[in-house]
Structures are given as C-alpha cells and as structure tokens.
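Colleague: I am new to reading models of this kind, and I would like to go through one slowly with you. Could you show me the sequence and the structure before I begin with my questions?

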Amino acid sequence: MERPFRVQYVIRSCLECDGHGRFVHGDVAAALDRIDESALPDGWEDDPLDERLLVAVREGLLAGDEARPDTTE
C-alpha cells in the first residue's frame, strides 16, 4: 500500500471480515531486518511484523530514529 505520509504503521480494517491489521512502513521493516540476529528474542520470527516493531522498541533493539520512516524524500 502506498500512502503520501510518513508513519510507522497504519491500521486498516478488512472490508470482508471487519478485523483490523497494522501494516508497518517499509523503511521501518527494513530497520527491523538489520537488527543483529544474536540480539533477537526467542520466537522473533514467529511474531507478526507489527509485534516485532513493538518488541524492538521496548527492548531497545531499535533506536528511536530507526523506528521512524525516512523523511528525506
């Protein structure tokens, strides 16, 4: 999904099931991929991307500026 604004993630409602989902910005997802594998908690790969973002920020695995989309465009 492309949006003209810079946020960590957007929350959307499914038109079919009415459930909600968080969609992580590509820049933030890329920052999550750069975290050193040795620092990752157990079960990291099993968590959805939006949960990984919350864990990474809470555990200090991602610096504040890395948890924001690039705004230099």
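Colleague: Where is the place of R34?

Modeller: This is a predicted model, in which local features need pLDDT of at least 70 and side-chain atom pairs count only at pLDDT 80 or more, while totals for chains, interfaces and linings use all residues. Residues are numbered from 1 along each chain as its sequence is written, and side-chain values use heavy atoms, with hydrogens and water left out. Helices (H or I, at least four residues) and strands (E, at least two) are DSSP runs numbered from the N terminus, and with those names R34 is placed in the loop between α1 and α2.

Colleague: What pattern does the protein chain follow along the sequence?

Modeller: The secondary structure of the protein chain comes to 2 helices and 2 strands. Read along the sequence, these elements give the pattern β-β-α-α.

Colleague: Is R34 buried or exposed?

Modeller: The word depends on relative accessible area, where buried means under 20%, exposed means over 50% and partly exposed lies in between, with a 1.4 Å probe and protein chains only. Accessible areas come from the Shrake-Rupley method with that 1.4 Å probe, and for residues only the protein chains shown count as cover. Because its relative accessible area is 57%, R34 is exposed.

Colleague: What distance separates the C-alpha atoms of R34 and L62?

Modeller: Along the chain, R34 and L62 are 28 residues apart. In space, their C-alpha atoms are separated by 9.3 Å.

Colleague: Which helix gives the largest share of the largest nonpolar core?

Modeller: A nonpolar core is a set of buried Ala, Val, Leu, Ile, Met, Phe, Trp, Tyr and Cys residues joined through side-chain atoms within 4.5 Å, and the largest one here has 12 residues, including V24, W44, L62 and A67. The elements that give two or more residues to this core are α1 and α2. The largest share, 4 residues, comes from α1.

Colleague: Which residues are buried in α2?

Modeller: In soluble globular proteins, nonpolar side chains tend to be buried together. In this model L53, V55 and A56 belong to the largest nonpolar core. The buried residues of α2 are D50, R52, L53, V55 and A56.

Colleague: Which residue forms a salt bridge with E59?

Modeller: A salt bridge is a side-chain nitrogen of Lys or Arg within 4 Å of a carboxyl oxygen of Asp or Glu, and by this rule the count comes to 1 salt bridge. E59 is partly exposed at 49% relative accessible area, whereas its partner is exposed at 59%. With the closest N and O atoms 3.5 Å apart, that partner is R58.

Colleague: How many Å apart in space are P69 and D27, C-alpha to C-alpha?

Modeller: P69 is placed in the segment after α2 and counts as buried, because its relative accessibility is 10%. D27 lies in helix α1 and is partly exposed, with a relative accessible area of 29%. Although P69 and D27 are 42 residues apart in sequence, their C-alpha distance in space is 5.2 Å.

Colleague: What distance separates the C-alpha atoms of R68 and D27?

Modeller: R68 is also in the segment after α2, and R68 is exposed because its relative accessible area is 51%. R68 and D27 are 41 residues apart along the chain, and their C-alpha atoms are separated by 7.5 Å.

Colleague: Where is D46 found?

Modeller: D46 is exposed, with a relative accessible area of 70%. The loop that holds D46 is the one between α1 (26-33) and α2 (49-58).
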